[in-house]
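Student: I have a model on screen and a few questions about how its parts pack. Can we work through them?

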Amino acid sequence: MSTKPLRVLALTCATRPGALGPAVSRWLLDAVAGRAAALDVEVVPVALGDLDLPFLDEEESPSSGVHRHGHTRRWSATVDTADGFLAVTPEYNHGMPATLKNALDYLGGEWAWKPIGFVSYGHTSAGTRAVEHAKQVVTALRMVPTGSTVAVRIGDAVRDGRLRPDADRDAAGVALLDEVVRLAHALRPMRERERAAPGPLPGSYARRLTGDDAPEVTVLQRCCWTEEALVNETLDIPPLSESVPEVRQWLADWHTIGLWRDGRLLGMVRTRTDGTDCHLGRLAVVPDLRGRGVGRWLLRAAEVAAGPGCRRIELFTGARSLRNIALYRSVGYRPLSPAGPDGTVHLAKHLPDTAR
């Protein structure tokens, strides 16, 4: 699972002048600030009243992802970069406010596979009927509402326009954030799969790796290159000794494709172009999935990623890594020279225009 920090939007849904919503949102942000820092979560306040969203005015269906108006594109970008939501909502006539329904209706795929927790406020029901109404809508958008909520009864909780101090309510707010964060981590593979290229195995997908993936890459390298060390009788293999910061550094310099399934990094390969030559390396497949065509698929993905200007791909492998060499030769790589003094073999493959 990626260790990329999460981004949670705290939505203030009321837009009526003088509404209690901003005060409830201020309480929530203060209550969860310490916990958010401990969890490495960015909680970003967003007031729906500041978005200038008219009633839905897009010609295309929100599910199409085609947004013609600037206000829609800005809202789409805001929601798209979020991993989860905390909605602070009043109850109007046994339902959620029209501003929240409208904001939800504007978008489609941007909401999918993201958790949402609710902080409601009101009089008799403390806003709970608004939450039940909203849950029907968000599930249709493939969002996942939390089981826990925070309900604020105005008559008991408010004094002089502010919420009274309440340790139990503070704890409930922290628990709500915890649940949103747990769900956001669990749902991350679903969100990534929606946007990534399908992989060679059922349920797998490929995406470019970033520095946030360095811990997973470090683990993959250790489990994959131990066998290479034994076969080649040397521990002088960089993937076995690189630290997480060192992996993060080279991830910034190489185009690295990672193959994922259910939050697990199954394999990877990296490329870097130098003129018409492309350097390929760190081809790795988890041991339990070898022999299922994953390595071949990653090699082909690397060749495509090299771009149309690449005419030759070069790589190195251990001279005794016979299985690796057989794989490379089977897809067109040929040795350029005998094994060098460092115990490695240099191979290359030419990519004529007709093959691209």
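Tutor: Yes. Keep in mind that this is a predicted model. Start with what covers helix α2. The cover over its buried residues includes β1 (6–12), β2 (41–47), β3 (84–90) and α3 (98–105).

Student: Which residues of helix α2 are buried, and on which side do they lie?

Tutor: Helix α2 spans residues 70–80, and its buried residues are H71, T72, W75, S76 and V79. Their arc around the axis is only 135°. They therefore lie on the same side of α2.

Student: Is R74 buried or exposed?

Tutor: R74 also lies in helix α2. Its relative accessibility is 54%. The cut-off for exposed is over 50%. R74 therefore counts as exposed.

Student: What do the buried residues of α3 pack against?

Tutor: In α3, the buried residues are L100, N102, A103 and L104. The buried residues of α3 pack against α2, β3 and α4 (128–140).

Student: Which helix gives the most to the largest nonpolar core?

Tutor: That core has 47 residues. V217, M268, L280, L298 and Y333 touch the most other members. The helix that gives the most to this core, with 6 residues, is α7 (residues 214–232).

Student: What is L280 in contact with, leaving aside its neighbours within four places in sequence?

Tutor: L280 is one of the core members that touch the most others. Another of them, Y333, is also on the contact list of L280. With near neighbours in sequence left aside, the partners of L280 are V269, R270, T271, L299, A302, I313, E314, L315 and Y333.

Student: How is α7 oriented relative to α9?

Tutor: Two packed helices are described by the angle and the distance between their axes. The axes of α7 and helix α9 (residues 244–253) come within 9 Å and cross at roughly 105°. An angle of 65 to 115 degrees counts as roughly perpendicular. So α7 is roughly perpendicular to α9.

Student: How many nonpolar residues are in the contact of α7 with α9?

Tutor: From α7 come A214, P215, V217, T218 and Q221. From α9 come V244, V247, R248, W250 and L251. By class, 2 are polar, 1 is charged, and the nonpolar residues number 7.

Student: Where is D262, and what is its phi?

Tutor: Most residues other than glycine have a negative phi. D262 is not a glycine. D262 sits in the loop between β11 (255–261) and β12 (264–274). Its phi is positive, about 55°.

Conventions: Residues are numbered from 1 along each chain as its sequence is written. This is a predicted model: local features need pLDDT of at least 70, side-chain atom pairs count only at pLDDT 80 or more; totals for chains, interfaces and linings use all residues. Side-chain values use heavy atoms; hydrogens and water are left out. Buried means under 20% relative accessible area, exposed over 50%, partly exposed in between (1.4 Å probe, protein chains only). Helices (H or I, at least four residues) and strands (E, at least two) are DSSP runs, numbered from the N terminus. The arc is that of the directions from the helix axis to the C-beta atoms. Contact means heavy atoms within 4.5 Å. A nonpolar core is a set of buried Ala, Val, Leu, Ile, Met, Phe, Trp, Tyr and Cys residues joined through side-chain atoms within 4.5 Å. Axes are lines fitted to C-alpha atoms, for helices over the stretch in contact, and angles run from 0 to 180 degrees between N-to-C directions. Angles under 35 degrees count as roughly parallel, over 145 as roughly antiparallel, 65 to 115 as roughly perpendicular and the rest as oblique. Ala, Val, Leu, Ile, Met, Phe, Trp, Tyr, Cys and Pro count as nonpolar, Asp, Glu, Lys and Arg as charged, and the others, Gly among them, as polar.
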